[in-house]
Amino acid sequence: MGLIVNFESLLSDRLAPALEAVAGHPVDPAVRASPHADFQSGAPLALARELGRAPQEIAAEVATRADLAGLAEITVSGPGFLNLTIGDDLLAESLRLTGADQRLGVPATAAPERIVIDYSGPNVAKEMHVGHLRSTIIGDALARTLEWLGHDVVRVNHLGDWGTPFGMLVEHLVDLGGAADHSIRDLTAFYQDARVKFDTDDDFRTRARLRVVALQSGDPLSRDLWQRLVAQSERYFLDVYQRLGVTLGPDDFAGESRYQDDLPVLVAELLAQGLLTDSDGALCAFPDGFTGRDGDALPLIVRKADGGFGYAATDLAAIRHRVGTLGADRLLYVVGAPQRTHFEMVFAVARKAGWLPGGVTAEHLGFGSILGADGKMLKTRAGDTIKLAELLDEAVARATAPAIGIGAIKYADLSGDRRGDYVFDWDRMLASTGNTGPYLQYAYARIRSLFRKAGTGPGPVTVTEPAERALALTLLGFEPALRAAAGQAEPHRLAGYLHDLAVAFSVFYERCPVLRAADDVRASRLGLAELTARTLHTGMFLLGIETLEEI
RNA sequence: GCGCUCGUAGCUCAGCGGAUAGAGCAACGGACUUCUAAUCCGUCGGUCGUAGGUUCGAAUCCUACCGGGCGCGCCA
């Protein structure tokens, strides 16, 4: 169901008429959470100049006129702020309503959209490395969140499973006898061996090029060998996803190869619309507003001079498919920041070609890099890229439980603004204090421990102590936090909220004995604890962070 | 060169138009016969890169500059 108790909007609704009466026209009450009260409105300050009156005077008049009966106390404060304090009974009643709701007071969206989220996207025949971590974690958190809010989410794992490297890889497999059953570790060495041969052996290079042609023209042997590489890689990816607690499954793979038959059609459509220009044999689109190093228009190369297709063509084909066939209303790409220009160009061309109609939005959700302690891109001491599987191994080894190690990595990634770079630091992410995964997991485990010992269940909540009040208010902030996180594709807003909640609970836990309290108080505090546990659990689930019953 | 992005406490980060800029770590000092002290409380610590501008009000918006990162025609 979802029954919202959103004090900001409730207060706004009550203040708006009073403000309008004083100002003579509608005014945004601008209600915000406040450090000086539960909520505040700064609207009178904005009106002072216009009305030629002192802001305190305006605030006083608004306070007098506003009908806040049964909702809040209002006082004038400071230079002309309106401080709003919710009544304790209303707080308790709001908690009751929220607690009685399966969805913790968060209604499913009234306007569900079909949202296609493109994330993770590793390369076949290559091991996943830290470079795939952020896309996988952030994309999954967004997928979980949007889905829970009632949207129809389609996860797409845009595998790198096609293109010239596969001529080389398949040819190398032929050289090795074709039937060998390689592990993915073998495949990493396999890839490097193939690469070396490609770079040093002219004969092999020629065969590799012919192999690409054979593969792309459907030669059965080539396809079979290629398919083995793909299947084996997919098994490995799924294993990593399972360890990471990521919701990408076998049905979500949609590699670049899937669009190969669409590419000639796509080129024909673009040509027919006059959107392509021949440039030294390559077919390029030149969307408006993009310039290169020399100041000339920047090309989006759709078909290379050798007749092959690059990633621009595949990305265009993917849009065409996601909108035309999957019926997407919204396309999200959780892909590193460096590809920003590329996607802007692809979107521009797709718009012009009509594959992205007006009602459909496409967003590139970029993210920063993971840096080492030296402030540079995270690498091993030897300077190699760090394999994801090994990173997960280390996380598990360093933590007291696998879920804590994995949760620490994921939370570290989700707790900061995704656009910024972040410094990877085991000690910090595994710390039990601060804005970390372990801190949230610990808070949750403490609550579960309470219930194991309680013997009785929670009862009606009454709010009296300051720590109870603070916790109650924080609990009721779940819905706005979630809305902010989903609306702007910023998981760190939800993460920050969960940390605030865990802190509010910890303070409550220190100051307000639960099990030793007298009957009614005990039941009430168990009620607060239970709602906290449910909120933490839900929020952590939406971020993809596992909860533990005990630590 | 052009474009994007980021410069907030010693460190790692929140805050992104409103009241004395907040956390965690680090440093120092407190709280466990008491529900998980993997916790909590306190102290110390900031010309919010610089300079202008807009505004009643700017870390937040605009402009310029400085500094870091990234991108800019056949890799994805």
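These questions and answers deal with a predicted model of protein chain A with RNA strand B.

Visitor: What makes a residue count as near RNA strand B, and which come nearest?
Guide: The test is a heavy atom within 4 Å of the strand. There are 61 residues around RNA strand B, and E256, Y311, S432, T433 and Y442 come nearest.

Visitor: How do you know that D417 makes a polar contact with RNA strand B?
Guide: A polar contact needs a pair of N or O atoms within 3.5 Å. A polar backbone atom of D417 is 2.6 Å from a phosphate oxygen of RNA strand B, so the pair meets the cut-off.

Visitor: What do V423 and V514 each approach on RNA strand B?
Guide: For V423, a backbone N or O atom lies 3.0 Å from a phosphate oxygen. For V514, a backbone N or O atom lies 2.9 Å from a base nitrogen. Both values are within 3.5 Å, so both pairs are polar contacts.

Visitor: Which elements give two or more residues to the surface near RNA strand B?
Guide: They are α2 (43-51), β4 (81-86), β13 (422-423), α16 (437-454) and α19 (491-511).

Visitor: What is the make-up of that surface by class, and which parts of RNA strand B face the protein?
Guide: The surface near RNA strand B has 24 nonpolar, 19 polar and 18 charged residues. Of the RNA atoms within 4 Å of the protein, 57% belong to sugar or phosphate, and the rest belong to bases.

Visitor: Why is the span 440-551 called "DALR anticodon binding"?
Guide: The name comes from a UniProt domain annotation in an unreviewed entry. Such annotations may be inferred rather than shown by experiment, so the name is the record's. In the model, residues 440-551 are 72% helix and 0% strand, and their end C-alpha atoms lie 11 Å apart.

Visitor: What makes a residue part of the lining of the second largest pocket, and how many are there?
Guide: A lining residue has an atom within 4 Å of a pocket point. There are 21 such residues, with A33, F39, L473, T474 and G477 nearest the centre. The pocket has a volume of about 520 Å³, and its lining divides into 13 nonpolar, four polar and four charged residues.

Visitor: Which helix gives the largest share of that lining, and which domains contribute?
Guide: The largest share, five residues, comes from α17. The lining draws at least three residues from each of domain 1 (7-86) and domain 3 (437-543). The centres of domain 1 and domain 3, taken over C-alpha atoms, are separated by 30 Å.

How values were computed
Residues are numbered from 1 along each chain as its sequence is written. Chains are lettered from A and ligands numbered from 1 in the order in which they are written. This is a predicted model: local features need pLDDT of at least 70, side-chain atom pairs count only at pLDDT 80 or more; totals for chains, interfaces and linings use all residues. Side-chain values use heavy atoms; hydrogens and water are left out. A polar contact is a pair of N or O atoms within 3.5 Å; within protein, one must be able to donate a hydrogen and the other to accept it, and residues adjacent in sequence count only if both atoms are side-chain atoms. Helices (H or I, at least four residues) and strands (E, at least two) are DSSP runs, numbered from the N terminus. Ala, Val, Leu, Ile, Met, Phe, Trp, Tyr, Cys and Pro count as nonpolar, Asp, Glu, Lys and Arg as charged, and the others, Gly among them, as polar. On a 1 Å grid over the protein atoms alone, a cavity is a set of points where a 1.4 Å probe fits but cannot get out, and a pocket is an open set with protein on both sides within 12 Å along at least five of seven lines; lining residues have an atom within 4 Å of a point. Grid points are joined across faces, edges and corners, and a volume is the space filled by probe spheres set on the points. Domain bounds come from an automatic or database domain assignment.
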